[in-house]
Amino acid sequence: MIRGPLTGSCHYWRGPVAILEGGIVTWVPKKEFYVTADGYCLKAVPWGAPTIGMHRLAWENANGPIPPGMIIHHRNGVRSDNRLENLEMMSRATHLRVHAGWVRGPDGHFTHKPCCTCKRLLPVSMFYIDRKRDLPRPDCKECVSMQHKRLYIGRG
Ligand SMILES: [Zn+2]
Ligand SMILES: [Zn+2]
């Protein structure tokens with residue numbers, strides 16, 4: 001029995017594709033996938049079996065097994081768009097930041113991020129850096145100095 005109805009379409013799926021499962025090449029025939037309510041193409045699997053995202057299969061088909069803990073991200077935000085150029089492997093931490101609106105430059109480093117207080121998207125240079133984590137702090141320098149002023153007035 002399959003997990004869900006075979007509906008919708010997957011932008012990647014154009015026929016059988018060889019996939020790696022524990023080093024064994026398996027063939028997944030066309031149409032053996034479905035699209036979830038939140039837009040993911042999943043491989044049809046028996047009830048109770050772990051879900052397999054077509055984006056992960058597509059990526060593995062081209063690049064080999066995905067290392068543990070890594071995420072395959074849809075660059076354009078369309079979760080059924082599994083063309084290889086729309087897929088990017090990244091760590092869970094980077095993935096969370098990308099979805100929180102952090103912007104990366106061509107070299108993959110973050111150049112801009114939203115301030116958690118004023119919500120503006122600002123260059124990373126507008127944030128103090130958390131030296132321990134080598135990451136910009138949640139609030140921009142302006143917001144941090146406002147908070148300090150408020151603290152100072154509060155004490156006065
Ligand atoms: Zn993503
Ligand atoms: Zn701010």
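A helix here is a DSSP run of H or I with at least four residues, a strand is a DSSP run of E with at least two, and both kinds are numbered from the N terminus. With that in hand, you can read this predicted model piece by piece. The protein's secondary structure comes to 3 helices and 12 strands. Out of its 156 residues, 15% count as buried.

**How confident is the prediction?**
- The protein has a mean pLDDT of 78, and 71% of its residues reach 70 or more.
- Among the elements, strand β10 has the highest mean pLDDT, at 97, while strand β1 (residues 17-21) has the lowest, at 45.
- Over residues 1-9, pLDDT stays under 50, and the model has 16 contacts beyond four places in sequence for them.
- Residues 13-21 also have a pLDDT that stays under 50, and here the model has 23 such contacts beyond four places in sequence.
- Take contacts with a separation of 6 or more in the protein: residues 24 or more positions apart account for 36% of them.

**Helix α1 and the core**
- Have a look at C41, M54, L57, A58, W59 and I72: these 6 residues make up the largest nonpolar core.
- Helix α1 (residues 54-63) gives the most to this core, with 4 residues.
- The buried part of α1 consists of M54, H55, R56, L57, A58 and W59.
- As background, an α-helix has 3.6 residues a turn, so residues three or four places apart point the same way.
- Right after α1 comes G64, and its phi is positive, near 95°.

**Helix α2**
- Helix α2 (residues 92-99) is hardly covered, as the count of buried residues among its 8 residues is 0.
- G101 follows α2, with a positive phi near 100°.

**A residue to look up: I52**
- You'll find I52 in strand β5 (residues 52-53).
- I52 has 19 C-beta neighbours inside 10 Å, and a residue needs 20 or more to be buried, so I52 counts as partly exposed.
- Leaving out residues up to four places away in sequence, I52 touches L42, K43, V45 and L57.
- I52 and C41 are 11 residues apart along the chain, and 8.7 Å separates their C-alpha atoms.

**The β8-β9-β10 sheet**
- Strands of a sheet pair through backbone hydrogen bonds, either parallel or antiparallel.
- Here you can trace an open sheet of 3 strands in the order β8-β9-β10, with antiparallel pairing.
- The edge strands are β8 (103-104) and β10, since each of them pairs on one side only.
- β8 and β9 pair over 2 bridges, and R104 has F110 in β9 as its bridge partner.
- The hairpin of β8 and β9 has 5 residues between the strands, and G108 in its turn has a positive phi of about 90°.
- β9 and β10 pair over 3 bridges; P114 stands opposite L121, and K113 stands opposite L122.
- β9 and β10 make a hairpin too, with 6 residues between them.

**The β11-β12 hairpin**
- Strands β11 (residues 127-130) and β12 (residues 135-140) run antiparallel and are joined by 3 bridges.
- I129 has P136 in β12 as its bridge partner.
- These two strands form a hairpin with 4 residues between them, and D134 sits in the turn.

**Two residues with a positive phi**
- Most residues other than glycine have a negative phi, and most peptide bonds are trans.
- K119 is not a glycine, yet its phi is positive, at about 70°.
- You can spot K119 in the loop between β9 (110-114) and β10 (121-123).
- Is K119 buried or exposed? K119 is exposed, because 11 other C-beta atoms lie within 10 Å and the cut-off for exposed is 12 or fewer.
- D134 is not a glycine either, and its phi is positive too, at about 55°.
- The loop between β11 and β12 is where D134 has its place.
- D134 has 7 other C-beta atoms within 10 Å, so D134 is exposed.

Note on methods. Residues numbered from 1 in each chain as written. Chains lettered and ligands numbered in written order. Predicted model: local features only at pLDDT ≥ 70, side-chain atom pairs only at ≥ 80, totals over all residues. Core = buried A, V, L, I, M, F, W, Y, C linked by C-beta atoms within 7 Å. Pairing = 2+ DSSP bridges. Contact = placed C-beta atoms within 7 Å. pLDDT = per-residue confidence, 0-100.
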